[in-house]
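User: Hi! I'm new to reading protein structures, and I'd like a close look at one part, with some context around it.

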Amino acid sequence: MEYFLQQLINGVTLGSIYGLIAIGYTMVYGIIGMINFAHGDIFMVGAFISLILIVTLGVTASMPLALLILALIAILIVSMALTSVWGWTVERIAYRPLRGSFRLAPLITAIGASIVLQNFVQISQGARNKPLQPLIPGGFTLSEGAGESGFIVQLSYSQILIIVVTTVLMIGFTTLINKTSLGRAQRSCEQDRKMASLLGINVDRTISLTFVMGASLASVAGLMFLIYYGVIDFYIGFLAGVKAFTAAVLGGIGSLPGAMLGGLLIGLIETFWSGYFSVEYKDVAAFSILAIVLIFMPEGLLGKPEVEKV
Amino acid sequence: MSASQPLLDVRNVETHYGKIIALRGVDMTVNEGEIVTLIGANGAGKSTLMMTICGSPQASSGSIFYDGEDITRLPTHLIMRKSIAQSPEGRRIFPRMSVLENLIMGAETAGNKDVEGSLKRAYDLFPRLKERRNQRGGTLSGGEQQMLAIARALMSKPRLLLLDEPSLGLAPLIVKQIFDAIRDLNRQDGLTVFLVEQNAYHALKLAHRGYVMVNGKITMSGTGKELLAREDVKAAYLEGGGH
């Protein structure tokens with residue numbers, strides 16, 4: 001039981017990170033029907049920008065708590081801004097000119113953008129692992145190991161931070177999409193771009209903003225990943241990206257709640273698989289899910305509901 | 001604005017889809033306060049003209065003036081912010097938005113300060129929409145979707161309403177309701193209407209003036225009454241008419 005609880009906590013934490021990245025995949029797919037393969041690398045760049053800022057500003061765990069929180073928020077904002085610029089730029093130069101071209105064309109440039117980003121970081125930052133001293137050490141011990149298994153269950157402060165930040169962001173983001181004018185514009189473009197433009201919506205701008213929103217959420221995930229694991233390299237975007245993509249497909253690509261749910265499930269599946277079967281095959285487990293979902297349930301768990309009359 | 005200047009002025013417009021020519025030099029005007037209809041067979045280019053006015057696709061030659069301003073090269077979303085609204089062919093309701101959200105989308109970029117007032121007017125015209133305001137657009141019947149498409153276009157408080165085949169596929173009773181609503185909007189609210197229709201009889205009866213399009217060209221024009229009385233119009237477009 002204690003072991004199970006620990007896996008659950010770890011799984012939800014990891015799932016939060018996947019969920020944040022998955023939103024970017026699902027929203028871009030929803031609006032232009034394209035898998036943005038460079039999205040995982042935006043997550044990676046977000047982690048790197050955060051790391052560089054943390055090191056340059058000399059942020060450490062020994063700082064007063066208030067100052068540490070302020071510094072992290074500032075870093076988050078800068079990192080979100082920079083990755084947003086990148087997301088916007090990629091859309092502008094690599095995808096928009098190909099809109100209306102055959103469907104594979106932007107997919108190929110997406111892979112190109114991903115390679116460019118990975119190689120740029122590899123060359124400019126080096127290929128070695130980049131470690132970071134734990135910024136938020138400590139946590140609660142939920143079970144002292146008194147049970148028969150003698151297993152100690154811990155909930156670290158960094159896990160709490162990740163789960164809380166993710167929850168807040170997802171609530172905020174869902175509200176943005178469902179209740180605001182920008183969200184309505186986004187959804188209208190997703191459902192019928194031509195009609196949206198006939199109602200005066202600037203479709204190009206809305207698509208750009210979708211990329212910006214996805215990129216900023218991915219950069220939050222990047223900072224979370226860095227704080228949680230304490231080590232990053234230029235290649236983390238690929239694996240995390242493909243897993244978040246799996247999460248988006250599992251939840252139903254194009255569906256916002258689906259991306260969140262899918263992220264959570266993939267995080268849990270991966271963690272439980274590692275905990276009960278084998279760590280070596282955790283990626284196999286995650287990708288088997290992708291294959292199974294694509295074969296048996298291509299619309300995903302929450303994909304496009306409701307029968308539509310034509 | 002001088003009295004002689006038309007609200008919408010289409011001058012010698014040609015439109016191509018790739019290498020295929022769809023409009024071959026169309027001239028047409030709509031004056032403020034008029035209902036003008038464009039009739040013609042399927043594939044004549046009526047909807048193409050409607051969409052070319054909205055800049056999607058853009059005219060390959062010729063020019064389009066709205067309220068004296070050349071809008072030929074403007075992107076669609078900027079044209080649609082100029083008090084022009086369209087209820088397009090096929091209605092194009094946002095299927096996964098509620099009726100109310102669909103209506104709000106119509107007012108979104110128009111800077112309409114009185115959204116509540118416009119909503120009330122829309123519900124007055126089509127009470128069914130009020131009953132169904134929280135239902136998803138995709139679940140409405142064809143007639144209700146058509147009402148919603150027109151109501152959504154009205155939410156921006158347009159001066160010029162472009163209506164593409166509002167009667168398509170609808171029961172006669174609903175068609176009558178919709179045409180009555182168009183007449184009311186024109187008479188009571190002073191709305192200028194450009195109506196594309198295959199249902200030539202109803203359209204010509206409703207309109208002040210009409211144009212006939214064949215193969216991407218305007219072949220006839222005149223008042224609604226004149227066109228209704230013409231033998232060639234009767235033969236080509238009003239076979240079994242009067243329904």
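How many residues does helix α8 of chain A have, and how far does the helix reach from its first C-alpha to its last?

Analyst: Happy to help! Please keep in mind that this is a predicted model.

Helix α8 of chain A runs over residues 203-229, which makes 27 residues. From its first C-alpha to its last, α8(A) reaches 39 Å, close to the 39 Å expected at 1.5 Å a residue. As you follow the coil, it helps to know that an α-helix has 3.6 residues a turn, so residues three or four places apart point the same way. How covered is α8(A)? Mostly: 21 of its 27 residues are buried. After the helix comes A:Gly230, with a positive phi near 70°.

Now for chain B, where a positive phi turns up again, this time outside glycine. B:Arg91 is not a glycine, yet its phi is positive, at about 70°. B:Arg91 sits in the loop between β6 (84-87) and α3 (99-107) of chain B. B:Arg92 lies in the loop between β6 and α3 of chain B too, and B:Arg92 also has a positive phi although it is not a glycine, of about 50°. Are these two residues buried or exposed? The cut-off for buried is 20 or more C-beta neighbours within 10 Å. B:Arg91 counts as buried because it has 23 of them, and B:Arg92 counts as buried because it has 22.

Another backbone detail to look for is in the loop between α1 (46-53) and β4 (61-66) of chain B, where you will find B:Pro57. The peptide bond leading from B:Ser56 to B:Pro57 is cis, with omega near 5°.

Let's step back to the domains. Chain B is assigned a domain 1, made of 8-83 + 159-237, and a domain 2, made of 92-149. Their C-alpha centres are 23 Å apart. Where they touch, domain 1 of chain B gives eight residues and domain 2 of chain B gives seven. On the domain 1 side, six of the residues are nonpolar, one is polar and one is charged.

Finally, how do the two chains meet? Their contact takes 23 residues from chain B and 19 from chain A. On the chain B side, the elements giving two or more residues are α2 (76-79) and α3. The most comes from α3(B), with four residues. This side of chain B divides into nine nonpolar, eight polar and six charged residues.

Conventions
Residues numbered from 1 in each chain as written. Chains lettered and ligands numbered in written order. Predicted model: local features only at pLDDT ≥ 70, side-chain atom pairs only at ≥ 80, totals over all residues. Domains from an automatic or database assignment. Contact = placed C-beta atoms within 7 Å. Nonpolar A, V, L, I, M, F, W, Y, C, P; charged D, E, K, R; others polar. Buried ≥ 20, exposed ≤ 12 C-beta atoms within 10 Å, placed from the backbone. Expected span 1.5 Å × (residues − 1).
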